[in-house]
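Colleague: I'd like to learn how to read a structure like this one. Could you walk me through it, feature by feature?

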Amino acid sequence: MRWKPKIQGTKPYDPTRAETREQAAEFHKTCGRKPCLATVLVGDDPASHTYVRMKTNRCRSTGLESRSHQIAAIATTSDVVDLVPSLSAKDSVDGILVPHPMPAHVDERADFEPSPSKDPISRARLLFGQYLNVCDRSV
């Protein structure tokens with residue numbers, strides 16, 4: 001008899017999701033609001049739309065707020081570059097994702113980086129890897 005691997009789908013991630021839900025609830029209790037992820041989607045790339053939709057659904061299922069900002073494909077580089085710092089300045093936004101690719105006329109090398117405290121990759125390592133004061137903006 002030949003061995004067949006078991007496909008578990010998303011089951012291995014269930015404990016992580018449960019932990020995220022717990023930490024989001026603690027954040028809400030401590031800070032008086034849900035943690036918030038803002039996404040900035042520029043143009044009509046189908047993969048980017050799928051990615052943002054998945055992130056929005058994951059936020060909803062784990063107790064996070066999600067704010068989507070969609071910018072038309074005709075937007076200029078400065079239109080996009082101007083939005084990210086304005087989101088970074090908001091205390092109600094805890095993380096910002098700007099999926100790529102951008103439309104061809106938008107300079108992807110321009111500074112689309114959120115402030116370090118709003119970068120979900122580095123912040124996730126701190127928030128979910130080690131427990132810290134979740135309302136602390138100095139991270």
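Modeller: Happy to! Let's start with an idea we need for the fold: a crossover is right-handed if, with the strands pointing away from the viewer, the path from the first strand over the helix to the second runs clockwise. Please keep in mind that this is a predicted model.

Colleague: Which elements make a right-handed β-α-β unit here?

Modeller: Strand 1, helix 2 (residues 46-62) and strand 2 form that unit. Strand 1 and strand 2 (residues 65-71) pair in the parallel sense, over seven bridges.

Colleague: What is the bridge partner of Val42 in strand 2?

Modeller: That is Ile71. As general background, side chains in a regular strand alternate between the two faces of the sheet.

Colleague: Now the core. Which residues of the largest nonpolar core touch the most other members?

Modeller: This core has 15 residues, and Val40, Ile71 and Ile96 have the most contacts with other members. Strand 1 (36-42) and helix 3 (77-88) each contribute at least two residues to this core. You have met Ile71 already, as the partner of Val42.

Colleague: I always check cysteines. How many disulfides are there?

Modeller: The general idea is that a disulfide is a covalent bond between the sulfur atoms of two cysteines. Here the count is zero. The cysteine sulfur closest to that of Cys36 belongs to Cys59 and is 7.8 Å away, which is too far for a bond, because a disulfide needs the sulfur atoms within 2.5 Å. Cys59 is likewise in no disulfide.

Colleague: Are those two cysteines buried or exposed?

Modeller: Cys36 is buried, at 2% relative accessible area, and Cys59 is buried too, at 5%.

Colleague: And charged pairs? How many salt bridges does a search of the whole structure find?

Modeller: Side chains of opposite charge can pair when their charged atoms come close. The search finds two salt bridges. One joins the side chains of Arg33 and Asp94, at 2.8 Å from N to O. Arg33 sits in the loop between helix 1 (14-31) and strand 1, and Asp94 in the loop between helix 3 and strand 3 (95-97), so the pair ties together parts 61 residues apart in sequence. Arg33 is partly exposed, with a relative accessible area of 21%, whereas Asp94 counts as buried at 8%.

Colleague: What about the salt bridge of Glu65?

Modeller: The side chain of Glu65 meets that of Arg67, at 2.9 Å from N to O. Glu65 is partly exposed at 30% relative accessible area, and Arg67 is partly exposed at 25%.

Terms used: Residues numbered from 1 in each chain as written. Predicted model: local features only at pLDDT ≥ 70, side-chain atom pairs only at ≥ 80, totals over all residues. Heavy atoms only, no water. Buried < 20%, exposed > 50% of the residue type's maximum accessible area, 1.4 Å probe, protein only. Core = buried A, V, L, I, M, F, W, Y, C linked by side-chain atoms within 4.5 Å. Helix = DSSP H or I, 4+ residues; strand = E, 2+ residues; numbered from the N terminus. Salt bridge = Lys/Arg side-chain N within 4 Å of Asp/Glu carboxyl O. Pairing = 2+ DSSP bridges.
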